[in-house]
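Please work through the following exercises with the sequence and the model side by side. Each task is followed by a solution that goes step by step.

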Amino acid sequence: MGSAVAPASAAPPPGPTMPVEFDLSRYQPVDGAQFRPLAYADNGRAFLRVGGRLCQIGPSYRYVGCQGRVATAPPTARGVAISGDQQGPWWVPDWSDYRFGAPSGFRPPTLAVGKRVTIAGVTCTAPRPDTVACRTGARAFILTPAWHKFFFPSGDTAHSANPAPRYLPARLQYWNQLPPT
């Protein structure tokens with residue numbers, strides 16, 4: 001009789017890979033100064049157009065919001081926002097006083113496809129002509145005309161819901177946390 005060999009322990013399943021929308025090595029950085037108006041009325045916010053949407057960053061660290069409807073969003077949503085990496089992504093309802101756009105009338109430039117900008121702890125990318133993806137520290141969102149995906153810390157409840165997995169690309173269906181960077 002030979003001695004029994006203990007089976008090798010199975011390696012844990014791999015965690016999620018970084019979504020291509022947040023794999024920053026894929027995107028060329030651009031200077032954020034062009035997105036910052038100088039007007040006092042804009043309160044230090046930055047504004048940009050991405051994927052056909054108007055987005056604003058600030059006025060405080062890790063605040064971001066993007067305007068626009070998504071097929072998988074509630075019918076009363078007019079955009080999405082993350083508040084200081086503490087809450088969100090949340091849908092911004094039609095009745096909210098949340099303002100998208102510069103009070104001064106600043107006309108924001110468009111972030112070109114394949115580019116990324118980082119301002120005040122927020123990085124937004126333009127993965128495709130109709131897509132915007134923005135990330136703070138542990139929170140993020142991807143918006144396309146057909147679907148949305150929200151990312152948030154494990155166990156967190158301060159965010160809006162994701163659509164049913166069947167509405168998402170296979171690569172994004174079964175997890176809601178971003179891998180560590």
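## Exercise 1: the edge strand β11

Task: determine which way the side chains of H148, K149, F150 and F151 point from β11, and whether they are buried or exposed.

Solution. H148 and F150 point to one side of β11, whereas K149 and F151 point the other way, and all of them are buried, where buried means under 20% relative accessible area, exposed over 50% and partly exposed in between (1.4 Å probe, protein chains only). The model is a predicted one, in which local features need pLDDT of at least 70 and side-chain atom pairs count only at pLDDT 80 or more, while totals for chains, interfaces and linings use all residues. Residues are numbered from 1 along each chain as its sequence is written, and side-chain values use heavy atoms, with hydrogens and water left out.

The next step is to place the strand among its neighbours; strands (E, at least two residues) and helices (H or I, at least four) are DSSP runs numbered from the N terminus, and two strands pair if DSSP finds at least two bridges between them. Strand β10 (residues 140–143) pairs with β11 in the antiparallel sense over 4 bridges, with L143 opposite H148, and a hairpin of 4 residues joins β10 to β11. The open sheet to which β11 belongs has 6 strands in the order β1-β7-β8-β9-β10-β11, with mixed pairing. Because β1 (28–29) and β11 (148–151) each have a single partner strand, they stand at the edges and one side of each is left without a neighbour in the sheet.

## Exercise 2: the surroundings of T125

Task: establish where T125 lies and which residues it touches.

Solution. T125 belongs to strand β8 (residues 122–125), which pairs with strand β9 (residues 132–135) in the antiparallel sense over 3 bridges; the bridge partner of T125 in β9 is A133. With a relative accessible area of 1%, T125 is buried. Its contacts (heavy atoms within 4.5 Å), not counting residues up to four places away in sequence, are E21, L24, Y27, V50, L111, K115, R116, T131, V132 and A133. For E21, the backbone oxygen lies 2.9 Å from a polar atom of the T125 side chain.

## Exercise 3: the disulfides

Task: find how many disulfides the whole structure holds, and which cysteines they join.

Solution. A disulfide is a covalent bond between the sulfur atoms of two cysteines, and the criterion applied is a pair of cysteine sulfur atoms within 2.5 Å. The search of the whole structure finds 2 disulfides.

- One joins C55 to C66, with S to S 2.1 Å; C55 lies in strand β3 (residues 53–57) and C66 in strand β4 (residues 64–67), 11 residues apart. The torsion about the S-S bond of C55 and C66 is about 110°, so this disulfide is right-handed, and both cysteines are buried.
- Another joins C124 to C134, also with S to S 2.1 Å, and links β8 to β9 across 10 residues. The link of C124 and C134 is right-handed, with 110° about the S-S bond; C124 is buried at 0% relative accessibility, as is C134 at 0%.

Numbered in sequence order, the bonded cysteines of the protein chain pair as 1-2, 3-4.

## Exercise 4: the hairpin of β5 and β6

Task: explain why β6 is described as largely enclosed, and identify its pairing with β5.

Solution. Strand β6 (residues 87–93) is largely enclosed by the rest of the structure because 5 of its 7 residues are buried. Strand β5 (residues 77–83) and β6 pair in the antiparallel sense over 5 bridges, and V92 in β6 is the bridge partner of G79. Their hairpin has 3 residues between the strands, and G84 takes a positive phi near 60° there.

Definitions and conventions: Polar contact = N/O pair within 3.5 Å; in protein donor to acceptor, adjacent residues only side chain to side chain.
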